[in-house]
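Biologist: Please take one part of this model and look at it closely, and then follow the same kinds of contact outward into the rest of the chain. I would like the cut-offs stated as you go.

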Amino acid sequence: MTYTRRKFLRDGSLAALACQTSGLPAFASGSSGKFVTTMRAKVATAQLAPDGYPQTPIWGYDGTVPGPIIRVPQGENLKLWFVNEIPQPSTIHWHGIRIENPMDGVPDLTQPAVPQGKWFLYDFTVPDAGTFWYHSHVRSFEQMGRGLYGALVVEEPDPPRVDREKVLLLDDWRLSNDATIHDSFESLHDWSHAGRIGNWITVNGDGRWNDAAKRHERLRLRLANVANARELSLSLIGLEGWIIAIDGQPVPALIAADEFELAPGQRVDLIVDVVADVGDDSVLAVHLQDGVDILASFAVDGIARPGRLPEPEPLAPNPVAVLGNLANARQEMVLMSGGAMGGLREAQLNEQVLGPRELAQQGMFWALNGVADMPDTPFATFHRGETVILNVQNETAFPHAMHVHGHHFHTIAPDGAVGPLRDTFVVERNDAVKIAFVADNPGDWLFHCHMLEHSISGMKTWFRVG
Ligand code: C2O
Ligand code: CU
C-alpha cells in the first residue's frame with residue numbers, strides 16, 4: 001500500500017489551486033497561510049479485501065482510504081478547501097487539534113453541514129505537534145464506516161532521530177462476501193449494544209499490510225484506531241521500543257511498548273527498533289477473541305547497524321495549559337446510562353421526557369445526564385481558563401470511548417495521580433473516570449462517545465467555554 005502524500009501548494013500557486021475546483025473563489029491577497037490544499041470527499045473504490053476479491057466501493061478523501069496524510073509544521077496555519085462530492089452532506093472534524101471553534105467541523109454546533117457539490121474552507125493553526133487525524137462528522141457511523149478519514153501529522157520543530165516513519169491507521173470493516181461494505185449501518189442492535197463490529201481489520205486500507213525493514217533499524221510508528229467501535233488490544237513481536245506520545249501529546253517519561261490498548265479515536269506514537277533476526281518478521285499483532293492476528297509485518301532483509309541505538313529522550317511537551325489547583329476546581333458530573341442489558345428507563349429528548357419504547361422508536365438508546373442526543377443548552381458553561389473536573393460515571397453494561405473536543409485532559413486516578421494528556425478515554429462498564437482540564441478554548445464543544453453507533457443513538461452532549 002502506498003499513500004498519496006499530499007503536496008502543499010505554496011502561496012505563489014494559488015491560481016493553480018483555484019482552477020482545480022471550478023466555482024471556488026480565489027484567495028484574498030495577503031493571505032498568510034503557507035499550507036494550502038484542497039480535499040474532496042468522493043465516491044471511489046479500494047482493494048480492501050485480499051487479491052482475488054473484487055474492489056470495494058468506498059467513500060474516501062480524494063478517493064483513497066485512508067485519505068491523504070496531511071503534514072503541517074507545529075504552529076503553522078493550514079487552509080484546506082473541503083469539497084463534498086458524496087451523496088450526503090458532510091463536514092471534516094480535526095480530531096485532537098486544539099482548534100478555533102468555528103473550524104471544529106461539528107454540524108449545527110460549529111458550522112452548517114456542507115451539501116453535496118458545495119465546499120467549505122477550513123482555516124486554522126495547529127498548536128500541538130503530534131499524531132492527529134481527521135474524519136467526517138456527519139453520519140460518522142456511515143461516512144467513517146465507508147472510509148472518510150485520514151491522518152493529520154503535526155511535525156515537531158526538532159523531531160526525534162529515527163530511520164523511517166510510518167503512519168498506520170487501523171480500521172475495522174464489515175464486508176460482505178462480495179467485498180462490498182455491508183449496508184447495515186442503521187442496525188439498531190449495533191446501536192444499542194457494542195456498536196458496529198466488523199469482520200476485516202485493515203492497516204491503511206490493507207488487510208495484509210507489510211513492508212521490509214533492517215535489523216536494528218529505528219522506526220517511528222504513528223498508530224490510530226479509526227474503527228467505528230472496535231477496541232484494539234495490540235502487541236509488538238520482533239519490535240522493541242517505547243510509547244513517546246498518547247493522543248498526540250508527548251508522555252513525560254517513555255513507556256515500554258510491548259502491549260497496549262487503543263480504543264476508537266485514540267492514537268499512540270511509538271519509537272521501535274527492529275530486533276527480529278534477518279529472515280524473520282517484526283510484527284504488530286492484534287489480540288482477538290479467537291486468537292492473535294498479524295496486522296502489519298516488516299520482513300527483516302538486512303542489518304541497518306551493528307546494535308540498537310541508545311534510548312531516545314522524551315519529546316518536548318506541547319503548550320497545553322497546566323492544571324490549576326484541583327482542590328478548587330469546578331466539578332461536574334456526567335452520568336452515562338442506557339444500552340442493552342442496562343436500559344434507559346426514561347430520558348429527555350428534544351425537551352420531552354420519553355420512555356424506552358418511544359426513545360427506541362426514534363433510534364435513541366443512550367443518555368448523558370438523563371438527556372438523549374444533543375441538548376439545546378450546554379450541560380455546563382465554564383469560565384475561560386477555569387480548571388474543570390468531569391466525573392464521568394458509566395452505569396451501562398458497555399465500555400465507552402469518550403472524546404472531548406477542543407481540549408486535552410488528564411485522567412485523575414482515585415489516589416489523585418495525574419495521568420498523561422489525552423483527548424479520548426475509556427470508561428469501563430460500571431466504572432467511573434475523573435478527567436481534569438483547563439477550559440481555555442472559547443466556544444461550544446462536543447463531548448461524545450467515539451463508538452459512533454453510541455453517539456448517533458444518544459451518547460453526546462456539549463459544553464461551552466465562555
Ligand atoms: Cu473524532 Cu467528535 O470526533
Ligand atoms: Cu459508547
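Modeller: The account below starts with one strand and then turns to salt bridges, sheets and the metal site.

The model is a predicted one, in which local features need pLDDT of at least 70 and side-chain atom pairs count only at pLDDT 80 or more, while totals for chains, interfaces and linings use all residues. Residues are numbered from 1 along each chain as its sequence is written, chains are lettered from A and ligands numbered from 1 in the order in which they are written, and side-chain values use heavy atoms, with hydrogens and water left out.

The part I have chosen is β4, where a strand is a DSSP run of E covering at least two residues, numbered from the N terminus. Eight of the eight residues in β4 are buried, a word that stands for under 20% relative accessible area, with exposed meaning over 50% and partly exposed the range in between (1.4 Å probe, protein chains only). The side chains of N77, K79, W81 and V83 point one way from β4, those of L78, L80, F82 and N84 point the other way, and all of these residues are buried.

Two neighbours of β4 can be described, counting strands as paired if DSSP finds at least two bridges between them. Strand β1 (residues 35-46) pairs with β4 in the parallel sense over seven bridges, and within this pairing F82 is the bridge partner of M39. β6 runs antiparallel to β4 and is joined to it by seven bridges, with K79 standing opposite D123 of β6.

Those two facing residues also meet through their side chains, in a salt bridge between D123 and K79 at 3.1 Å, N to O. Because D123 lies in strand β6 (residues 119-125) and K79 in strand β4 (residues 77-84), the pair ties together parts that are 44 residues apart in sequence. The two partners can also be described by their accessibility: K79 is buried at 6% relative accessibility, and D123 is partly exposed with a relative accessible area of 26%. A salt bridge here requires a side-chain nitrogen of Lys or Arg within 4 Å of a carboxyl oxygen of Asp or Glu, and by this rule the count comes to 30 salt bridges.

Another of these contacts joins the side chains of R98 and D128, at 2.6 Å from N to O. This pair links distant parts of the chain, 30 residues apart, with R98 in the loop between β5 (92-95) and β6, and D128 in the loop between β6 and β7 (130-136). Both R98 and D128 are buried.

A further salt bridge is formed by D301 with K214, whose closest N and O atoms are 2.8 Å apart. D301 belongs to strand β19 (residues 291-303) and K214 to strand β11 (residues 209-215), so that the contact links distant parts of the chain, 87 residues apart. D301 is partly exposed, at a relative accessible area of 45%, and K214 is likewise partly exposed, at 33%. Elsewhere, salt bridges that share partners join R71, E155, E156, E165, R220, R222 and D269 into one network.

The strands β11 and β19 themselves pair in the parallel sense over six bridges, and D211 stands opposite F298 in β19. They belong to an open sheet of five strands with mixed pairing, ordered β11-β19-β18-β13-β16. Its edge strands, each pairing on one side only, are β11 and β16 (259-262).

A second open sheet has six strands in the order β10-β9-β12-β17-β14-β15, again with mixed pairing. The strands at its edges are β10 (200-203) and β15 (249-256), each of which pairs on one side only. Within this sheet, strand β14 (residues 239-246) and strand β17 (residues 267-274) run antiparallel and are joined by seven bridges, with I243 opposite L270 in β17.

Finally, there is the metal site. The protein donors of the copper ion (ligand 2) are H400 (ND1), C449 (SG) and H454 (ND1), lying 2.0 to 2.1 Å from it. H400 in strand β26 (residues 400-404) and C449 in strand β31 (residues 443-449) link distant parts of the chain, 49 residues apart. Donors are N, O and S atoms within 2.8 Å of the metal (3.2 Å for Na, K and Ca), and since water is not among the atoms, sites may look incomplete. The relative accessible area of H400 is 0%, which makes this residue buried, and C449 is buried with a value of 0%.

Methods
Helix = DSSP H or I, 4+ residues; strand = E, 2+ residues; numbered from the N terminus.
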